[in-house]
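Visitor: Could you take me on a close look at one part of this protein, the open sheet and what surrounds it? I would enjoy a connected walk through the strands, with a few side chains picked out along the way.

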Amino acid sequence: MIQHEISQNLSGAKLAAYQKFESLGFPTTHHEDWRYTNLKKLLPSTLTSAKNEAVPTEVIEEIKKQFPKTDGLLFFNNGVFDPVHSHYPKELNLTQSTQVESETEEIKADALTYLNQALSPTTVTELHIPKNYKGSLLIIKYARGVATTAYGSILNLKLDEGAELVLGQYQTDHQESTGLSTGETSIVQEKNSKLTLIDLVHARSQEARLNRTNITLKRDAHLHSVTLLLSSQLTRADLNITLNETGAHAIVDALYTLKDQGHADIFSHIHHASPHTTSEQLVKGILAGEARGVFTGKVVVHKNAVQVNASQLNKNLLMTKKAHVNTRPQLEVYADDVKCAHGATIGQLNPDELFYLQSRGLDGIRAQQLICHAFVLDVIEKLELPLWRESLSLIVEREFEVQMNKLFLQEVL
């Protein structure tokens, strides 16, 4: 699917990774984990290596205005770290290390990991949050290219004991960007660390995104992850969370809003590998046009992991007759004395709610906008950060205001 123009620009370990990807190929709908996402149909037929074009400073400043002020900013342009537009506290240890191929069997069998290694810069961004540090950081991943470009990125993050970090990741693009971006983020949370991870993908172009996040929580570590996918053409978010030691707790929430022929696939694995661990997950979706949403959520309680408490819920709101959702919440429990629950709902706009709002003087479109906004708010409201709640709520509300007028010109249920 990817033409050889990319491989001609590679050498050494990156070329070897690309050749391994070619031997495995993209996953297909015959793979259980990709049953409802057909990459052959959704990805561009031709891709070329990305070229780093300078991003105007005013573009970066405009992006920053959307979010609360943070202690630092890391800016990536087509997957390459840009030190000119980045700043961060001196206590944080940020390094660029040479790519080292993983030796795990799981990674060896994964074609997309090899592709990301091939498309990523020759260096890996390593970020170390020291013991008992408390702060916030914004990462902007910007795509800029006028051709069918392909690029990747690798970020490794470690939180030492007692560290607390609010990390916002914002992925966006130039409106003319097309092609493919891949990304892999690996996070280790040491004892008593606390991470709030806000991952916002706001697509303006036809670019496809395949992202993976791997997080390991050690004793009494806390994670609150919120993934927001807004108006994506194709976005796949792989979330792999391992609660590795007693007392670890994870909140893993997500939201996708889709229109036209947009496609979002949220695939999560939450592993309870130790006793006395807890997790909760809420994933919501709003779909219009001929959009398709996919949620596969697997909670695995490992052998001897007793006293585990895990819950999982997926809710979807279909705005048009041709919008479609595939949802598969799953539990695999190999231990006794656990408390686990999961469920999924797919529904339409409540006509009584619409009638009530319209009887109070709102037109039909505005009434539907308010209902949609209320539907998604509980994902955002769970954040214990008032400024971030306000910023994200405004971003989502603007998305509805800009897009919904167009959406609701279609046939609404």
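**The open sheet and its surroundings**

Guide: Gladly. Let us start where a helix meets the sheet: helix α3 (residues 57–64) lies across β2 (73–77), β6 (134–143) and β8 (164–173), and runs at about 130° to β6. Please keep in mind that this is a predicted model.

Those three strands belong to an open sheet of 10 strands with mixed pairing, in the order β3-β2-β6-β8-β10-β12-β14-β16-β18-β20. The edges are taken by β3 (80–81) and β20, each with a single partner strand, so one side of each has no neighbour in the sheet. For the wider setting, the protein as a whole has eight helices and 20 strands.

Now follow the order inward. Strand β12 (residues 222–230) runs parallel to strand β14 (residues 249–258), and nine bridges join them. Within this pair, Leu223 stands opposite Ala250 in β14. Further along, strand β16 (residues 278–287) and strand β18 (residues 309–318) are also parallel, joined by 10 bridges. Here Ile286 faces its opposite number, Leu317 in β18. On to the edge: β18 pairs with strand β20 (residues 339–348) in the parallel sense, over 10 bridges. Asn309 stands opposite Lys339 in β20. As a general reminder, strands of a sheet pair through backbone hydrogen bonds, either parallel or antiparallel.

Let us turn to some strands that are absent from that order, beginning with strand β17 (residues 292–301), which holds Phe295. Phe295 is buried because its relative accessible area is 1%, under the 20% cut-off. Leaving aside residues up to four places away in sequence, Phe295 touches Ile266, Ser268, Gln281, Val283, Gln312, Asn314, Asn326, Thr327, Arg328 and Pro329. Pro329 is 34 residues from Phe295 along the chain, yet their C-alpha atoms are separated by 7.5 Å.

What follows β17? The loop between β17 and β18 contains Asn304. With 57% relative accessibility, Asn304 counts as exposed. Its backbone deserves a glance too, since phi of Asn304 is near 70°, a positive value in a residue other than glycine. Most residues other than glycine have a negative phi. A second such case is Asn192, where phi is near 65°. Asn192 sits in the loop between β9 (178–189) and β10 (194–202), and at 38% relative accessible area it is partly exposed.

Next comes strand β11 (residues 208–217), the place of Arg209. You may like this one: Arg209 is a buried arginine, with a relative accessibility of 1%. Setting aside residues up to four places away in sequence, its contacts are Gln171, Thr172, Asp173, Ser181, Val201, Ala203, Leu234, Thr235 and Arg236. One of these, Arg236, leads us to a ring: its charged end sits over Trp34, 3.7 Å from the ring centre. A lysine does something of the kind elsewhere, as Lys284 lies over the face of Phe375, at 4.3 Å from the ring centre.

Strand β5 (residues 123–129) gives us Ile129. Ile129 has a relative accessible area of 0% and is therefore buried. Apart from residues up to four places away in sequence, Ile129 touches Leu92, Leu157, Lys158, Leu159, Asp160, Ala163 and Leu165. Another residue to find from here is Leu94, 35 residues from Ile129 in sequence and 9.0 Å away in space, C-alpha to C-alpha.

Before we finish, a short detour to the aromatic rings. The whole structure has six aromatic pairs. In one of them, Phe21 and Phe26 have ring centres 5.0 Å apart and planes at 80°, so the pair is edge-to-face. Both partners are buried: Phe21 has 4% relative accessibility, and Phe26 has 12%. Tyr18 joins Phe21 and Phe26 in a cluster linked by ring pairs.

Finally, step back to the whole protein. Of its 413 residues, 55% are buried. Among contacts with a separation of 6 or more, 85% come from residues 24 or more positions apart. The accessible surface is about 17,900 Å², and carbon and sulfur atoms account for 49% of it.

Terms used: Residues are numbered from 1 along each chain as its sequence is written. Side-chain values use heavy atoms; hydrogens and water are left out. Helices (H or I, at least four residues) and strands (E, at least two) are DSSP runs, numbered from the N terminus. Buried means under 20% relative accessible area, exposed over 50%, partly exposed in between (1.4 Å probe, protein chains only). Contact means heavy atoms within 4.5 Å. Accessible areas come from the Shrake-Rupley method with a 1.4 Å probe; for residues, only the protein chains shown count as cover. Two strands pair if DSSP finds at least two bridges between them. Rings of Phe, Tyr and Trp (its six-membered ring) pair if their centres lie within 6.5 Å; planes under 30 degrees apart count as stacked, over 60 as edge-to-face and the rest as tilted. A charge sits over a ring if NZ of Lys or CZ of Arg is within 6 Å of the ring centre and within 35 degrees of the ring normal. Axes are lines fitted to C-alpha atoms, for helices over the stretch in contact, and angles run from 0 to 180 degrees between N-to-C directions.
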